[in-house]
Amino acid sequence: MSTATAAAAPGAAAPPRRPGLLRTAWRYHRTKIGVVLTAAVLLVAAVGPFVSPYSPTEMAGTPNATGIDGALFGTDNVGRDVLSRFLHGGYTLVAIAVLSALAGVAAGAVIGIVAGYLRNWADELLMRTNDMLLAFPQLVLALLLLSILGPQVWLIVVIIAVSHANRVARVVREATLKVVEQDFVKSAEAIGLPRWRIMASEILPNITSPLLVELGLRITYSVGTIATLSFLGMGLQPPTADWGLMINEGRVAITVQPWAVVLPVTAVAVLTIGANLITDGLSRASIGIDRGVEK
Amino acid sequence: MTRLILYRLGYGVLTLFVVSLVVFGATQALPSDPAQAILGREAADPARLEALRQQLNLDQPLALQYWNWLAGAVVLDFGTSLAGGMPVAELLGPRIQASLTLMLITAVIAAPIAMAIGAFAALRRDRRFDHTSSMVTLVLAAVPEFAVGIVLILLLATGALQVLPAVYAGSSEDVLSSPDQLVLPVLTLAIAVSPPIIRMMRASMIEVLESEYVQQARLKGLPERTVIWRHAAPNAIGPVAQVIALQLGWLAGGVVAIEFLFNFPGIGKTLMEAIEARNLPVIQAVTLLIAVVYVVVNLLADIVGLAANPKVRVSSR
């Protein structure tokens, strides 16, 4: 990486944005609330397995019992400790969601930058293929593939990453088109920098704001989609402890043992709300106006 | 404008073709043997395996299989269900109707209310109502719709307030006969589709309210009510119509998790049952159907967007 050009060129064209974006976003109350909510859920997901009283698959009492000794939130439909399963059920969801969002945003960024910079037949091809992919509702495409190939974690990551990638690519392409017009890109072209270097060190650093917003948005959607897939029985398989799956298993006995559903639903809801609040803060900061901005 | 619309239409047809390729490719053309996948552990019986392969036409070349399947699909012949041997179209008919009923009720209730909330937020810009609705839509937009449904069940169908049934009980033929069973699914879907409509209506209304012709109308001394209803609102609706159309397209796929949750006998629940039973023809038919609705609605939204854009309407006709 030529740090000299990377640092000098964007610095000359516009004030450095990246630290500014995060700091600006932090000024909004919603960002702070979002960070607190997200951190709380992430803490449960990360620390939970180490502090849970039982193993997630161990029997702790009779099925669907509440108010028994040693199990704060009672037992689930098979008799396992609800609290322990809740504490174990987060990290898989978070890990898969973050992984697929990262992969999707990375792929989308590459596609979008290449399409937006080269603007030739590759652009046309990439964007038209994208449009075709967009023709499928994300969840239905995932269900279609998972139903035949069987629910496997890597497949979930790939499907969600791909369906993110083409949505991200659209946004990144738009952002790239604006950057490409600017003088520092023209000057880099004039001194004969190779195209991949221009894309990596001139364009990429200048579209980090929309990329960060996209990442937040994609993580929010990933959590929702993966939790939904698990809830539909098409995600992680029993006897794994997983929030979506817990909701699926607990919903039949929701009147006798609400905790088996309340805990994971709360966690999923709080996590998605937190992530979306952060995303909204970032997006307001990146557009640079305080009011009237809609996502 | 006609040319643009024709272009979009042609493109829509191409998209539908690709969609059919994806559905077929994902189900029948995989390197693994679909018959084996369907039978699972029972695949040990070679006679059953052979019978199923015959029924699915797996012994034909792939291109011919696809052609036969597509030719059938165009005239709504999706073969016979592997469970019960009923023609898929006949099986799906009442379920499609049930799902459409659910979606239609949701649309009729959600769209006007969402538009009213958005417009009111714009009129009360930066006041308490605006901030509250902005926060609430942000929160509701994030939560996956099945979680919204569960929270509603917890609040309204269990515990202290048992005012509504938690799950649907009944057949798909007479979904309207017991309206109380529809309340929770409709409410969940309405909450899921509304946030973008509210946000778009607010943004669009704010833009219109700040425009010069609204200012002019006010300066002429027209009563505020006339300004809003005659001048502002009709012009704010254009971009919102597009968002509403997109949200309706989303509903086609969004009903899957909600029908599963509420045990509502529509296409979503049918899809999940078909997946459970590895009922290939039904999976193909339902996913294709949902994708077609999605594509067609998106196309309509595109055309609505073009028609609502005066620049396009006037310039290139």
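# Briefing on a predicted two-chain helical model

With 16 C-beta neighbours inside 10 Å, B:N263 counts as partly exposed, and this residue sits in the loop between α10 and α11 of chain B. The model is a predicted one, and the points below move from this loop to the helices on either side of it, then to chain B as a whole, its contact with chain A, and a helix pair in chain A.

**The loop at B:N263 and the helices around it**

- Although B:N263 is not a glycine, its phi is positive, at about 60°.
- The helices joined by this loop, α10 (residues 224-262) and α11 (residues 267-277) of chain B, pack at an angle of about 80°, and their axes are 7 Å apart.
- Because an angle from 65 to 115 degrees counts as roughly perpendicular, α10(B) and α11(B) are described as roughly perpendicular to each other.
- On the α10(B) side the contact is made by B:V255, B:V256, B:I258, B:E259 and B:F260, which meet B:G268, B:K269, B:L271 and B:M272 in α11(B).
- Sorted by character, the residues of this contact between α10(B) and α11(B) comprise six nonpolar, one polar and two charged.

**Chain B as a whole**

- Chain B contains 13 helices and zero strands, and its C-alpha trace spans about 85 × 60 × 30 Å along the principal axes.
- Of the 317 residues in chain B, 40% count as buried.
- Among the contacts in chain B with a separation of 6 or more, 72% are accounted for by residues 24 or more positions apart.

**A kinked helix and a second positive phi in chain B**

- Helix α8 of chain B (residues 180-209) has a kink of about 40° at B:S194, which lies shortly before the proline B:P195.
- This helix, α8(B), is mostly covered, with 25 of its 30 residues buried.
- Another residue with a positive phi that is not a glycine is B:D126, where the value is about 65°.
- B:D126 belongs to the loop between α5 (88-123) and α6 of chain B, and this residue is exposed, having 11 other C-beta atoms within 10 Å.

**Where chain B touches chain A**

- The contact draws 42 residues from chain B and 35 residues from chain A.
- On the side of chain B that touches chain A, at least two residues each come from α1 (2-27), α6 (128-142), α7 (145-156), α8, α10, α11 and α12 (280-308).
- The most is given by α1(B), which supplies seven residues to that side of chain B.
- By character, the residues on the side of chain B that touches chain A divide into 35 nonpolar, five polar and two charged.

**Chain A: a helix pair and a cis peptide bond**

- Helix α8 (residues 153-180) and helix α11 (residues 208-231) of chain A pack at an angle of about 155°, with 10 Å between their axes.
- Since an angle over 145 degrees counts as roughly antiparallel, α8(A) is described as roughly antiparallel to α11(A).
- The crossing in which α8(A) passes α11(A) is right-handed.
- Residues in this contact include A:I156, A:I160 and A:H164 of α8(A), together with A:P210, A:L211 and A:E214 of α11(A).
- The residues of the contact between α8(A) and α11(A) divide into 10 nonpolar, three polar and two charged.
- A:P238 and A:P239 are joined by a cis peptide bond with an omega of about 5°, and A:P239 is found in the loop between α11 and α12 (243-250) of chain A.

Methods. Residues are numbered from 1 along each chain as its sequence is written. Chains are lettered from A and ligands numbered from 1 in the order in which they are written. This is a predicted model: local features need pLDDT of at least 70, side-chain atom pairs count only at pLDDT 80 or more; totals for chains, interfaces and linings use all residues. Axes are lines fitted to C-alpha atoms, for helices over the stretch in contact, and angles run from 0 to 180 degrees between N-to-C directions. Helices (H or I, at least four residues) and strands (E, at least two) are DSSP runs, numbered from the N terminus. Angles under 35 degrees count as roughly parallel, over 145 as roughly antiparallel, 65 to 115 as roughly perpendicular and the rest as oblique. Two residues are in contact if their C-beta atoms, placed from the backbone, lie within 7 Å. Ala, Val, Leu, Ile, Met, Phe, Trp, Tyr, Cys and Pro count as nonpolar, Asp, Glu, Lys and Arg as charged, and the others, Gly among them, as polar. A crossing is left-handed if the near helix is turned anticlockwise from the far one by less than a right angle, and right-handed if clockwise. The bend at a residue is the angle between axes fitted to the seven residues ending there and the seven starting there. A residue is buried if 20 or more other C-beta atoms lie within 10 Å of its own, exposed if 12 or fewer, and partly exposed in between; C-beta atoms are placed from the backbone.
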